[in-house]
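Here is a short set of exercises to work through with the model open in your viewer. Try each task yourself before reading the solution.

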Amino acid sequence: MPVIEVKHLKKQFKSVRKQKGLKGAVKGLFRPEKKIVTAVDDISFSIERGEIVGYIGPNGAGKSTTVKMMSGILRPTSGEILVNGISPVKDRKAVVKHLGVVFGQRTQLYWDLRLGESFELLKRIYDVPDEVYSENMAMMDEILDLKSIVDTPVRQLSLGQRMRGDLAAAMLHSPDVLFLDEPTIGLDVDAKHAIRRFIKEINETRKTTIILTTHDLGDIQELCKRIIIINKGVVIEDGSLDELIDRIAPYRQLVIDFYTEQHIEHPNAEIVSCEGSRTVYRFMKNEISAAALIEYIGGKAKIKDIRLEEASIDDIIRVAYSGGSTE
Amino acid sequence: MKAYIYVAKMRIQTMMAYRVHVWTFLIMQCLLMAAVGFFWRAVYGGTEAAHGVSGDMMITYTVVSMLMSSLYYMGVEDRIADAVKSGSIATDMIKPINLFTLYFAEDIGNIIFNLFFSTIPMFIVALIIFGLPVPASTEHFWLFLASFVLGYGINWTFSATFALLAFSAIDLGPVFSIKYHFVNMLSGSIIPLWFFPEWLRNALYFLPFVYMYQEPLSIYIGKYTPEECLIKLGIQAVWFAGLMVVFAFAQNRATRRVLVQGG
Ligand SMILES: Nc1ncnc2c1ncn2[C@@H]1O[C@H](COP(=O)(O)OP(=O)(O)O)[C@@H](O)[C@H]1O
Ligand SMILES: [Mg+2]
């Protein structure tokens, strides 16, 4: 049984458009000009236990809105959501009991108090037994280095420290589903690294199901076997990363450094660039193997160095967003 | 329950971090109390009593009203309006708790803080300027306490119902502060109702406001016999229950329409 099931989810916001000037303001008071924004149009997916799914898409695609509906914060206009078999629309509290949520752009920690106070409160809210609490703290401390920050008031924490605190707060009650909405936004390399390591660790040791929203390609590459790409409120791709690469960008690039400038052509390889002694070829995996291409070129000129590049996730996403193919 | 007690405790700690604001607020409240007290003393001057209330009773009314208002803390409206505007309502809603119980616990924390940092210091100032604000009798004092608690219940539920507006409309502007002053005027917290024109006074007894300040205070100064007091407590209880029903109903509808700002 899937842990998360989303069927034909739709969310529209009615917003009142502010009108200009005093006349507009008065008019707006009596006859507000309503505008309907469709944030999520028609989204369906289903996620199995233990998956880490990258939920990606350009700004305004509807990612955060989806996450908010799945966590019972927003009510869908239509469609169906089941988390652990329970609908967050019908029973928000039952759903969030087994759910951890982190919004990278805001914090659930108490700003004016030491970090530890927020943890103590959550322990009581979720009724976490003492043994489980200290076990979880110890496990998280190892990766997130919480001991050094628990006694600091949250407002004095750096962004990276605060995010570590927020992640720990979301995992204190050992939820089996975790929603992370841009958890690495604005963080430096070290902080990102710690957070990725943490996500990997809890997924491996606890089989936590994770939906991760991010613009960071490193996050996706390191963590997500499956990605769902959405744009304008609809799913445009859903599949394993490898499969997506094969389908949308099934090419590779071969970078060859010669000792002198060369112009060696091959019918199955396109020359992308040729600058000085370096030539870059692009070829389709199914048309020629890298080994055959190297052998062919090596037979024509002496090779100094080679490098093989897969299409980057960057390329995949760009192609997917633009709704076209590589050609 | 443990969680809500902890929320109240955290609230007290948070308030401690902002003590400086509290001192300035306290000084202002004391000045206001002294000003209103001296005003009534001047108004009464030689006259013995007006509307069956003597000058001393009026000062007691004023002092106790000020002490009450320092304990009638209701942050729920601003709390919700801010949470909706800033989007932090999202982090309140990812917890398996009732939002309004959470906000109530925060207000209780604030009340406990105010008791020590507002009510007691104000009481001491009042003691020095006007002497002890004695209740009509011990019996009246206990009846007052019950009425005070019911008055808070009415006040809080009314505010919380009002606060639900913040869930759907985003920019309410000065609505809450207009409501605050409205309630202040119509509840008799500054000017008792017996100074109002009769038609207005009669009308106001059909609204919940008088049961927030006027009636508890009237009980305290002994305007009613103990039997009458019990009837007043009964009416308060009915208002409280009625408002609770309205609130519960409205809460269900409003929380469905929650709007959350920002990513
Ligand atoms: N409360 C709201 N009122 C009106 N429009 C909103 C609201 N929240 C989000 N939107 C709109 O819905 C769309 C999707 O937003 P969001 O889900 O935050 O995108 P993402 O997280 O993918 O960047 C955007 O066009 C945004 O402006
Ligand atoms: Mg977002």
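Between which chains does ligand 1 lie? Ligand 1 lies between chains A and B. Keep in mind throughout that this is a predicted model.

**Exercise 1. The surroundings of ligand 1**

Task: Describe the shell around ligand 1, then list polar atom pairs that link ligand 1 to chain A.

Solution.

Step 1. Start with the shell: twelve residues surround ligand 1. The closest of these are Gly60(A), Gly62(A), Lys63(A), Ser64(A) and Thr65(A).

Step 2. Sort the shell by class. Six of its residues are polar, five are nonpolar and one is charged.

Step 3. Look for the element that gives the largest share of the shell. That is helix H2 of chain A (residues 63-70), with three residues.

Step 4. Now go down to atoms. A polar backbone atom of Gly60(A) sits 2.7 Å from an oxygen atom of ligand 1. For Ala61(A), a backbone N or O atom is 3.2 Å from a ligand 1 oxygen. Ser64(A) uses its side chain: an N or O atom there is 2.8 Å from an oxygen atom of ligand 1.

Step 5. Finish with the area. Ligand 1 taken alone exposes 560 Å², and the protein buries 73% of that.

**Exercise 2. Two helices and their cover**

Task: Work out how many residues of H2(A) are buried, and do the same for H4(A).

Solution.

Step 1. Take H2(A). Its buried residues are Lys63(A), Ser64(A), Thr65(A), Thr66(A), Val67(A), Lys68(A), Met69(A) and Met70(A). That is eight of eight, so H2(A) is largely enclosed by the rest of the structure.

Step 2. Check what comes after H2(A): Gly72(A) follows, with a positive phi near 80°.

Step 3. Turn to H4(A), where nine of the eleven residues are buried and the helix is mostly covered. Among the buried ones are Leu115(A), Phe119(A), Leu122(A) and Ile125(A).

Step 4. Find the packing partners. The buried residues of H4(A) pack against helix H5 (130-144) and helix H6 (159-171) of chain A, together with helix H1 (2-17) of chain B.

Step 5. Look past the end of H4(A), which is followed by Asp127(A) with a positive phi near 55°.

**Exercise 3. A lysine in H4(A)**

Task: Is Lys123(A) buried or exposed, and which residues does Lys123(A) contact beyond its sequence neighbours?

Solution.

Step 1. Locate the residue: Lys123(A) belongs to helix H4 of chain A, residues 115-125.

Step 2. Apply the cut-off. Buried means under 20% relative accessible area. Lys123(A) has a relative accessible area of 15%, so Lys123(A) is buried.

Step 3. Leave out neighbours within four places in sequence. The contacts of Lys123(A) are then Val128(A), Asp130(A) and Tyr133(A).

**Exercise 4. Positive phi in two loops**

Task: Where are Asn84(A) and Glu182(A) found, and how accessible are Asn84(A) and Glu182(A)?

Solution.

Step 1. Recall the background: most residues other than glycine have a negative phi.

Step 2. Compare that with the two residues. Asn84(A) is not a glycine, yet has a positive phi of about 55°. Glu182(A), also not a glycine, has a positive phi of about 50°.

Step 3. Place them. Asn84(A) is in the loop between strand E4 (78-83) and helix H3 (92-96) of chain A. Glu182(A) lies in the loop between strand E6 (177-181) and helix H7 (189-206) of chain A.

Step 4. Read the accessibility. Asn84(A) has a relative accessible area of 29% and is therefore partly exposed. Glu182(A) is at 8%, so Glu182(A) counts as buried.

**Exercise 5. A hairpin**

Task: In what sense do strands E11 and E12 of chain A pair, and over how many bridges?

Solution.

Step 1. E11 (residues 269-275) and E12 (residues 278-284) of chain A pair in the antiparallel sense over six bridges.

Step 2. Pick one bridge: Ala269(A) has Phe283(A) in E12(A) as its partner.

Step 3. Inspect the turn. Two residues come between the strands, and Gly276(A) in this hairpin takes a positive phi near 60°.

**Exercise 6. Chain A as a whole**

Task: Summarise the elements, extent and burial of chain A.

Solution.

Step 1. Chain A has eleven helices and 13 strands.

Step 2. The C-alpha trace of chain A spans about 70 × 60 × 45 Å along its principal axes.

Step 3. Of the 327 residues in chain A, 50% are buried.

Terms used:
Residues numbered from 1 in each chain as written. Chains lettered and ligands numbered in written order. Heavy atoms only, no water. Helix = DSSP H or I, 4+ residues; strand = E, 2+ residues; numbered from the N terminus. Buried < 20%, exposed > 50% of the residue type's maximum accessible area, 1.4 Å probe, protein only. Contact = heavy atoms within 4.5 Å. Near = heavy atom within 4 Å. Polar contact = N/O pair within 3.5 Å; in protein donor to acceptor, adjacent residues only side chain to side chain. Areas by Shrake-Rupley, 256 points an atom, 1.4 Å probe, with all protein chains shown as cover. Nonpolar A, V, L, I, M, F, W, Y, C, P; charged D, E, K, R; others polar. Pairing = 2+ DSSP bridges.
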